[in-house]
Amino acid sequence: QVEGSDETDNTNPLAKELTEKNWELSLLQSQLEEAEKKIKELSNLRKKTSRSTTSNSTCDDPENVGYMTTSMLCLKRINFECKPGQLIAVIGGVGCGKSSLLNGILGEVRELSGTTEVKGKLAFFSQSPFILNATV
């Protein structure tokens, strides 16, 4: 081993952490691929069963999500926890899912999988955009 080289030295904490993160990333990518395949499979099954049965459901029906693809879902794999007394600000670019996240927490959006639990009280102050047609 060359002095200063850590190619075979696993005691370097940065190298060890990077290795662990790369493994975790590979695992999560594999799980995501499997989940998307399963969603596609179940969506196709739902399409087939909805064609064979007569129903009054349309694409506007929130229970009929068989026409959705994973690219249409705005939030995926969210894990969020807020401790009592914490003040949380949700920031991000236009269309990144801020409102969808908050509406999900408030129960305004139906989740396709997983659970949402709220303990205690919530305060929500939405922002209403406005344009002034004058100088400030």
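User: Let's start with Ile-88. Is this residue buried, partly exposed or exposed?

Analyst: Relative accessibility is the thing to look at, and anything from 20% to 50% goes in the middle class. In this predicted model, Ile-88 comes out at 41% relative accessibility, so it counts as partly exposed.

User: Where in the fold does Ile-88 lie?

Analyst: Ile-88 sits in the loop between helix H1, which covers 13–52, and helix H2, which covers 98–106.

User: And which residues does Ile-88 touch, leaving aside its neighbours within four places in sequence?

Analyst: For a contact, look for heavy atoms within 4.5 Å. With those neighbours set aside, Ile-88 is in contact with Phe-80 and Cys-82.

User: Which residues make the nonpolar surface patch?

Analyst: A patch like this joins nonpolar side chains that have over 30% relative accessible area. Here the patch is made by Ile-78, Phe-80, Ile-88 and Val-90, and it spans about 340 Å². Ile-88 qualifies on accessibility because its value is 41%, and the cut-off is 30%.

User: Let's zoom out. How many helices and strands are in the protein?

Analyst: You'll find 2 helices and 0 strands.

User: How much of the protein counts as buried?

Analyst: A residue has to be under 20% relative accessible area to be called buried. Of the 136 residues, 5% make that grade. The accessible surface of the protein adds up to about 12,700 Å², and carbon and sulfur atoms account for 54% of that.

User: What share of the contacts join residues at least 24 apart?

Analyst: Take the contacts between residues at least 6 apart in sequence: 33% of them join residues at least 24 apart.

User: Now salt bridges. How many does the count come to?

Analyst: What you're hunting for is a side-chain nitrogen of Lys or Arg within 4 Å of a carboxyl oxygen of Asp or Glu. By that rule there are 3.

User: Where do Lys-21 and Glu-24 lie?

Analyst: Both are in helix H1, 3 residues apart, which is about one turn of the helix. They form a salt bridge, with the closest N and O atoms 3.9 Å apart. Lys-21 is partly exposed at 47% relative accessible area, and Glu-24 is partly exposed at 37%.

User: What about Glu-41 and Lys-38: how far apart are they in helix H1?

Analyst: Glu-41 and Lys-38 are 3 residues apart in H1, again about one turn. Their side chains meet in a salt bridge at 3.5 Å, N to O. Glu-41 is partly exposed with a relative accessible area of 48%, and Lys-38 is partly exposed at 42%.

User: Which residue does Lys-83 meet in a salt bridge?

Analyst: Lys-83 pairs with Glu-81, at 2.7 Å from N to O. Lys-83 is partly exposed at 46% relative accessible area. Glu-81 reaches 60% relative accessibility, so it counts as exposed.

User: Last one: what average pLDDT does the protein have?

Analyst: The average is 76, and 76% of the residues score at least 70.

User: Where does pLDDT stay under 50?

Analyst: One such stretch is residues 1–6, for which the model has 3 contacts beyond four places in sequence. Over residues 54–64 the pLDDT is also below 50, and that stretch has 8 contacts in the model beyond near neighbours in sequence. Where pLDDT is low, the predicted coordinates shouldn't be read in detail.

How values were computed:
Residues numbered from 1 in each chain as written. Predicted model: local features only at pLDDT ≥ 70, side-chain atom pairs only at ≥ 80, totals over all residues. Heavy atoms only, no water. Helix = DSSP H or I, 4+ residues; strand = E, 2+ residues; numbered from the N terminus. Buried < 20%, exposed > 50% of the residue type's maximum accessible area, 1.4 Å probe, protein only. Areas by Shrake-Rupley, 256 points an atom, 1.4 Å probe, with all protein chains shown as cover. Patch = residues over 30% accessible without salt bridge, like charges linked within 9 Å, V, L, I, M, F, W, Y side chains within 5 Å. pLDDT = per-residue confidence, 0-100.
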